[in-house]
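Work through the exercises below with the sequence and the structure in view. Try each task before reading its solution.

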Amino acid sequence: MDKVLREEPEAHGGPLGCRRAANLMEVCGTHSHAIAQYGIKQLLPQGVRLISGPGCPVCVTPVEIIDLALAIARLPQTTVTTFGDMVRVPGTDSTLSREKALGRDVRIVYSPMAAVETAVEEPDRQVVFIAVGFETTAPMVAACILEAERLGLSNFSIIAAHKIIPPAMRALLQSGEVRIDGFLCPGHVATVIGLTPFARIASEFGLPCVVSGFEPEDIIAGLRGLLRQIDDAEGRGENAYQRCVKDKGNPRALATTDQVFEATDANWRGLGQIPLSGLRLRWAYSRFDAERRFDVELPTPREHPGCSCGSVLRGLVQPAECPLFGAACTPTTPVGPCMVSSEGACAAAYRYEQ
Amino acid sequence: MNEIITLAHGSGGETTHRLLSEEIAVLYASEAQWDDAAVLAAHERIAVTTDSFVVSPLEFPGGDIGKLAATGTINDLVVRGARPAYMTVGLIIEEGLPLSVLRTVLRSLRSTCDEAGAAVVAGDTKVVERGSGDGLFINTTGIGVISAAEPPGAGRVAPQDQVIVSGYLGDHGVAILAAREDLPLQTPIESDCAPLHDLAHCMLQAGGEGVHAMRDPTRGGLAAVLNEIAEYAGVGMNVDAQAIPVRPQVMATSEILGLDPLHLANEGKLVAFCSSQSAPKVLQAARRHPLGRHSTIIGEVTPGPETRVTVRTSLGTTRVLSMPAGELLPRIC
């Protein structure tokens with residue numbers, strides 16, 4: 001496929017041919033990143049656009065979650081653990097990296113299990129893990145909760161801010177703000193939940209939904225599937241990532257998540273409140289809920305007034321169209337989360353396309 | 001009881017004297033001058049560089065902070081075409097550091113200097129309270145002698161120059177990350193930490209004045225070096241993603257963590273910018289050297305004034321290679 005593309009990268013009707021204009025949304029931030037990294041937009045036929053969607057966990061985490069983490073980090077004898085990207089996302093009045101520089105105990109971990117280990121090693125400290133992410137990270141966090149329970153830990157808790165992807169895709173379609181002619185669906189999420197939830201969206205809305213992996217060839221294959229369906233006026237779920245994705249996903253991961261978490265309404269940055277789009281701890285595990293454990297006062301959440309992240313996450317605005325992009329907002333001085341996260345649409349555009 | 005560094009070692013009294021004469025002395029040649037300043041002979045043009053080393057952990061697969069403190073400064077000298085001659089060593093030691101660790105570090109610092117022909121001629125040792133340092137900080141200053149009439153320098157880089165890298169990129173960055181975070185890697189990766197005096201010498205011998213500039217892509221990796229030189233020399237660069245040597249396990253680890261191997265640090269690699277006439281000879285010389293076996297031409301310098309660094313991807317498309325921004329942070333999923 002490589003060779004064909006190189007020989008006729010701009011040929012209309014080539015490997016990515018399509019007879020009509022189309023807006024395709026790549027739901028997942030890792031796709032946005034790979035698309036920019038490999039210059040895949042340069043291969044699209046005229047009239048076909050790729051729009052980044054809401055699949056960046058750091059980006060869709062609303063400011064009140066950051067504020068909660070900041071408030072907990074300021075408590076005595078408390079350690080806040082997090083995946084890396086979160087530390088630079090601005091909350092209402094600070095960032096976790098700023099609090100760390102001021103002496104609060106904020107630690108970057110590579111796996112939630114490291115947070116559990118910290119809680120075991122430092123029994124005098126309250127260890128809190130900021131659990132953001134999608135269906136992909138939820139099983140790991142659920143396994144950590146089960147482990148914390150097995151160990152009888154009373155000094156471990158999580159800020160439960162996980163989100164689930166299909167409700168957000170539905171919300172975007174129902175809002176009708178952006179014309180979406182097809183979804184390039186996230187391969188990692190589909191590895192866990194399977195093709196079925198995406199196929200269901202496809203049949204509900206008569207919209208092509210193709211699950212794709214993350215190598216450049218995978219993405220090309222996914223886009224090709226989408227454009228073929230559009231050309232043939234079809235709208236079905238299609239699996240272009242068969243080496244990883246099964247129809248029913250990973251039943252064990254799903255069962256672990258389901259044992260610990262239940263669906264709840266959740267607030268998404270940019271998309272607002274979406275019914276049953278988040279995960280909260282089931283009652284039996286609610287003692288691991290940091291929000292219940294710590295009585296902290298939170299400021300009225302406030303985002304930078306000029307930040308377009310909300311519109312970028314809904315596909316209304318391309319990163320470079322934001323007035324702050326590349327000027328007030330860069331990866332070194334990010335104003336919004338889409339410029340912070342390595343999966344954010346603005347960070348990808350700044351890094352590879354500017 | 002294990003011996004450790006205490007504040008007394010920094011007091012200036014008897015304990016300090018013993019630390020200097022029994023431990024730190026290992027750094028110095030026997031004819032070292034125990035005066036307040038070293039007197040050096042200099043008849044030629046000299047190159048000077050200084051660097052501070054704050055790596056955690058102090059020992060890592062493939063090296064330790066001592067080896068790093070020597071190679072970092074030696075490599076900064078050799079990429080300017082200088083032969084390392086002298087070195088100064090400043091140690092800031094945190095109270096509580098096991099003496100055994102200090103000994104290991106000093107030994108590897110000394111042996112790396114010996115290997116490159118640099119004599120440690122001056123130094124300083126301070127001890128700080130527990131909590132004020134990360135075990136051990138080292139500053140080294142290197143002095144090198146330049147014999148070439150026109151030594152390599154970023155200002156000489158010109159359009160059509162070929163860009164050569166001397167081997168696999170990102171090894172040091174991943175080795176440190178894995179050691180610091182205890183990452184369970186299936187294939188352990190060692191730091192490439194090595195003094196490059198001999199490799200640089202061979203490449204300069206082969207290419208002569210056709211070697212316009214050399215850099216060691218340490219912190220910030222290849223991406224930082226290419227962008228810095230492009231900006232300084234007022235030129236662009238275009239490199240081929242598929243030509244850039246990165247080990248599969250470094251690529252895989254970077255992908256999992258959401259890092260770009262071209263942003264990761266190297267401590268034993270050179271990037272050379274050579275005229276197109278000299279490039280084949282320089283490449284051949286590098287490949288004959290054990291530290292340059294995997295050398296390859298990755299791209300070329302393009303005319304300014306656009307100082308953009310671009311990458312040709314495996315799909316035949318083009319993208320920008322930007323400077324790394326801030327701390328390298330692992331991603332979420």
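Two strands pair if DSSP finds at least two bridges between them. The model used here is predicted.

**Exercise 1. Strand pairing in chain A**

Task: State which strands of chain A pair with β7(A), and in which sense.

Solution.
Step 1. Start with strand β1 of chain A, residues 22-28: three bridges join β1 to β7(A). The count meets the requirement of at least two bridges, and the two strands run parallel.
Step 2. Find a residue pair that shows this: Leu24(A) stands opposite Gly182(A) of β7(A).
Step 3. Turn to strand β8 of chain A, residues 209-212. Four bridges link β8 with β7(A), again in the parallel sense. Here Leu184(A) has Val210(A) in β8(A) as its bridge partner.
Step 4. Check how covered β7(A) is. This strand spans residues 182-186, and five of its five residues are buried.

**Exercise 2. The overall form of chain A**

Task: Decide whether the radius of gyration of chain A agrees or disagrees with that of a compact globule.

Solution.
Step 1. Take the expected value: for 354 residues, a compact globule would have a radius of gyration near 20 Å.
Step 2. Compare. Chain A has 21 Å, which agrees with the expected value.
Step 3. Add the extents: the C-alpha trace of chain A spans about 65 × 45 × 35 Å along its principal axes.
Step 4. Add the composition. Chain A holds 16 helices and 11 strands, and 54% of its 354 residues are buried.
Step 5. Look at the contacts in chain A with a separation of 6 or more: 75% of them are between residues 24 or more positions apart.

**Exercise 3. Two domains in chain A**

Task: Describe how domain 1 and domain 2 of chain A meet.

Solution.
Step 1. Set the bounds: domain 1 covers 25-303 and domain 2 covers 309-352. Their C-alpha centres lie 18 Å apart.
Step 2. Count the residues in the contact. Domain 1 of chain A gives 25 residues and domain 2 of chain A gives 21 residues.
Step 3. Name the elements on the domain 1 side: α2, β2 (48-55) and α3 of chain A each supply at least two residues. The most come from α2(A), with six residues.
Step 4. Sort the residues of the domain 1 side by kind: 13 are nonpolar, eight are polar and four are charged.

**Exercise 4. The contact between the chains**

Task: Find which element gives the most to the side of chain A that touches chain B.

Solution.
Step 1. Count both sides: 34 residues of chain A and 19 residues of chain B take part in the contact.
Step 2. List the elements of chain A that give two or more residues: α1 (2-7), α2 (29-37), α3 (57-60), β5 (126-133) and α16 (345-352).
Step 3. Pick out the one that gives the most, which is α1(A), with three residues.
Step 4. Sort the residues on this side of chain A: 16 nonpolar, 12 polar and six charged.

**Exercise 5. Nonpolar cores**

Task: Say which residues touch the most other members of the largest nonpolar core.

Solution.
Step 1. This core has 119 residues, and Ala69(A) and Ile159(A) touch the most other members.
Step 2. Helix α4 of chain A, residues 63-73, gives the most to this core, with nine residues. At least three residues come from each of domain 1 and domain 2 of chain A.
Step 3. List what Ala69(A) touches beyond four places in sequence: Val80(A), Leu96(A), Ile130(A) and Ile159(A).
Step 4. Apart from this core lies another, of 93 residues, including Leu68(B) and Ala265(B).

**Exercise 6. Ser254 of chain B**

Task: Is Ser254(B) buried or exposed?

Solution.
Step 1. Locate the residue: Ser254(B) lies in helix α7 of chain B.
Step 2. Apply the cut-off. A residue is buried if 20 or more other C-beta atoms lie within 10 Å of its own. Ser254(B) is buried because it has 22 other C-beta atoms within 10 Å.
Step 3. Look at its contacts beyond four places in sequence, among them Gly170(B), Val174(B) and Leu264(B).
Step 4. Connect this with helix α4 of chain B, residues 171-181, where Val174(B) is one of the buried residues. The cover over the buried residues of α4(B) includes α7 (248-257) and β2 (59-60) of chain B.

Note on methods:
Residues numbered from 1 in each chain as written. Chains lettered and ligands numbered in written order. Predicted model: local features only at pLDDT ≥ 70, side-chain atom pairs only at ≥ 80, totals over all residues. Buried ≥ 20, exposed ≤ 12 C-beta atoms within 10 Å, placed from the backbone. Contact = placed C-beta atoms within 7 Å. Nonpolar A, V, L, I, M, F, W, Y, C, P; charged D, E, K, R; others polar. Domains from an automatic or database assignment. Rg over C-alpha atoms; globule rule 2.2 N^0.38 Å. Core = buried A, V, L, I, M, F, W, Y, C linked by C-beta atoms within 7 Å.
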